[in-house]
Amino acid sequence: MAVIINDTCITCDACLQNCPVEAIVDDGNNPTGNPRYYVQPEKCVECVGIFDDPQCAAICPSIGCITWDMPFTKEFDAHFLNAEIYKLGSKNGIARSPAYKEKKFREDIPLTKRGIGEKVQEEPQEGEVG
Ligand code: SF4
Ligand code: SF4
């Protein structure tokens, strides 16, 4: 991964339209059954090599809705195999977990900021325009 969408999602569709790798599905197609949009961690590349920052969070009107998750690397295979949170796609019966294929991630975001609800997009500072 990745980034993850929490229950403050207002299902506005902006992130889905903005993702360059089509990693996001809408609430009707969320494989976890939760009534919100869902980032498929096995597809998300944190916009590395495409944009300077995650485009889903940049456009999301619900600040704090999209937070940093763990890197989609073998080290975190068990994390992403947690079926209560993720429903990974599969190929030939094998889950597309990090052990199957790792994805790019932002190495400048430390592990201490991941998996704890750290916002990808910060709230505008007081007095900041736009
Ligand atoms: S971080 Fe980038 S690649 Fe990942 S879901 Fe968001 S827009 Fe898509
Ligand atoms: S942009 Fe934010 S609020 Fe809108 S659907 Fe995506 S995660 Fe939900």
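**Exercise 1. Locate Asp13 and Thr11, describe their backbone, and classify each as buried or exposed.**

Solution. Asp13 lies in the loop between β1 and α1. The model is a predicted one, and in it Asp13 has a positive phi of about 85° although this residue is not a glycine. For the exposure class, count the C-beta neighbours of Asp13 inside 10 Å: there are 12. A residue with 12 or fewer is exposed, so Asp13 counts as exposed.

Thr11 is found in the loop between β1 and α1 (14-18). Its phi is also positive, at about 50°, and Thr11 is not a glycine. With 14 other C-beta atoms within 10 Å, Thr11 is partly exposed.

**Exercise 2. State which secondary structure elements the protein has and in what order they occur.**

Solution. Begin with the totals: the protein contains 3 helices and 6 strands. Then read along the sequence, which gives the pattern β-α-β-β-α-β-α-β-β.

**Exercise 3. Compare the radius of gyration of the protein with that of a compact globule, and describe its extent and burial.**

Solution. Step one is the expected value: for 130 residues, a compact globule would have a radius of gyration near 14 Å. Step two is the value for the protein, 14 Å, which agrees with the expectation. Step three is the extent: the C-alpha trace spans about 50 × 35 × 25 Å along its principal axes. Step four is burial, and here buried residues account for 31% of the 130 residues. Last come the contacts: among those between residues at least 6 apart in sequence, 69% join residues at least 24 apart.

**Exercise 4. Describe the largest nonpolar core and trace the contacts of Ile66.**

Solution. The largest nonpolar core has 25 residues, of which Val3, Ile5, Ile24, Val39, Cys56 and Ile66 touch the most other members. Two or more residues are given to this core by each of β1 (3-5), β3 (38-39), α2 (55-59) and β4 (66-68). The largest share, 3 residues, comes from β1. In soluble globular proteins, nonpolar side chains tend to be buried together.

Now take Ile66 and leave aside residues up to four places away in sequence. Ile66 then touches Val3, Ile5, Cys56, Ala57, Cys60, Val120 and Gln121.

**Exercise 5. Place Gln121, give its exposure class, and list its contacts.**

Solution. Gln121 lies in the segment after β6. It has 19 other C-beta atoms within 10 Å. Being buried requires 20 or more, so Gln121 is partly exposed. Beyond four places in sequence, Gln121 touches Ala57, Ala58, Cys60, Ile63 and Ile66. As a distance check, Gln121 and Gly64 are 57 residues apart in sequence and 6.8 Å apart in space, C-alpha to C-alpha.

**Exercise 6. Identify the residues that come nearest to each of the two ligands, and sort both shells by class.**

Solution. Around ligand 1 there are 14 residues, the closest being Cys19, Cys44, Cys47, Pro54 and Cys56. By class, this shell has 11 nonpolar, 2 polar and 1 charged residues.

Around ligand 2 there are 15 residues, and Cys9, Cys12, Ala14, Cys15 and Cys60 come nearest. The shell of ligand 2 divides into 12 nonpolar, 2 polar and 1 charged residues.

Two of these names occur in earlier solutions. Cys56, among the closest to ligand 1, is one of the core residues that touch the most other members. Cys60, among the nearest to ligand 2, is touched by Gln121.

**Exercise 7. Work out where Ala99 lies relative to Thr73 and to Ala14.**

Solution. Ala99 lies in the segment after β6 (94-95), while Thr73 lies in the loop between β4 and α3. The two are 26 residues apart in sequence and 7.3 Å apart in space, C-alpha to C-alpha. For Ala99 and Ala14, the corresponding values are 85 residues and 31 Å.

Next, the contacts beyond four places in sequence. Ala99 touches Lys74 and Asp77, and Thr73 touches Pro98 and Glu102.

Finally, exposure. Ala99 has 15 C-beta neighbours inside 10 Å and counts as partly exposed. Thr73, with 16 other C-beta atoms within 10 Å, is partly exposed.

Terms used
Residues numbered from 1 in each chain as written. Chains lettered and ligands numbered in written order. Predicted model: local features only at pLDDT ≥ 70, side-chain atom pairs only at ≥ 80, totals over all residues. Near = placed C-beta within 6 Å. Nonpolar A, V, L, I, M, F, W, Y, C, P; charged D, E, K, R; others polar. Helix = DSSP H or I, 4+ residues; strand = E, 2+ residues; numbered from the N terminus. Rg over C-alpha atoms; globule rule 2.2 N^0.38 Å. Contact = placed C-beta atoms within 7 Å. Core = buried A, V, L, I, M, F, W, Y, C linked by C-beta atoms within 7 Å.
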